[in-house]
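Student: I would like to go through this model with you and ask about its packing and its open space.

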Amino acid sequence: MSLEIDWFAFVQVFLAALLASVLVVGFYSLGLRLLVRAGRVPVVAPAEFTDAITVITAKDSQRAAKAAAKAAKKNPLTPGQRQVAAVGAYLSFGMCGLAVLGGLLLIVFNH
């Protein structure tokens, strides 16, 4: 019994995974950047876990929300530019979702 490896298929899978990861991370980071420029800084509420290494207190969460509001007030963009940045952010998040959906469709239908 001999075992043969299709190295071309291996390279294809490697390049597809590399490209997909670059696209997803790139679109997601671009979306976050545009969302911040639009003045809509995402503030995540602290989570309480029993075995957490670091737990964010309510005071730290309020401090982060206050800093986000202060940064939003300092935004030099006009309201129209903020709206364009917000639309660009949501389009970027949509492209990130489409990249993930495309990968899932390739797995399901090209297997």
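Student: Against which helix do the buried residues of α3 pack?
Tutor: This is a predicted model, in which local features need pLDDT of at least 70, side-chain atom pairs count only at pLDDT 80 or more, and totals for chains, interfaces and linings use all residues. Residues are numbered from 1 along each chain as its sequence is written, and side-chain values use heavy atoms, with hydrogens and water left out. The buried residues of α3 (buried is under 20% relative accessible area, exposed over 50%, partly exposed in between, with a 1.4 Å probe and protein chains only) are A85, A86, A89, S92 and C96. The helix they pack against is α1.

Student: What pattern does the protein chain follow along the sequence?
Tutor: Helices (H or I, at least four residues) and strands (E, at least two) are DSSP runs, numbered from the N terminus. By that assignment the protein chain has three helices and zero strands. The pattern is α-α-α.

Student: What end-to-end reach does α3 have, C-alpha to C-alpha?
Tutor: The expected span of a helix is 1.5 Å times one less than its number of residues. Helix α1, residues 7-37, has 31 residues and reaches 45 Å, close to the expected 45 Å. With 31 residues, α3 is also close to the 45 Å expected. From its first C-alpha to its last, α3 reaches 44 Å.

Student: Which residue just after α1 takes a positive phi?
Tutor: Helix α1 covers residues 7-37. Just after α1, a phi of about 85° is found at G39.

Student: How many aromatic pairs are in the whole structure, and which of W7 and F10 are exposed?
Tutor: Rings of Phe, Tyr and Trp (its six-membered ring) pair if their centres lie within 6.5 Å; planes under 30 degrees apart count as stacked, over 60 as edge-to-face and the rest as tilted. The search finds two aromatic pairs. W7 and F10 form an edge-to-face pair, 5.7 Å centre to centre with 80° between the planes, and they are about one helical turn apart because they are three residues apart in α1. Exposed are both W7 and F10.

Student: Why does the pair of Y28 and F93 tie together parts that are apart in sequence, and how many residues apart are they?
Tutor: The pair is tilted, at 5.6 Å centre to centre and 50° between the planes. Y28 lies in α1 and F93 in α3 (residues 79-109), so the pair joins parts that are distant in sequence. Y28 is partly exposed at 44% relative accessible area, and F93 is partly exposed at 23%. The separation in sequence is 65 residues.

Student: How far apart in space are L91 and G31?
Tutor: L91 is in helix α3 and counts as exposed, at 56% relative accessibility. L91 and G31 are 60 residues apart in sequence. Their C-alpha to C-alpha distance is 7.7 Å.

Student: What share of the contacts between residues at least 6 apart in sequence joins residues at least 24 apart?
Tutor: Contact means heavy atoms within 4.5 Å. Counted this way over the protein chain, the share is 72%.

Student: What share of the 111 residues in the protein chain is buried?
Tutor: The accessible surface comes to about 9100 Å² (Shrake-Rupley method, 1.4 Å probe; for residues, only the protein chains shown count as cover), and 70% of that surface belongs to carbon and sulfur atoms. The buried share of residues is 10%.
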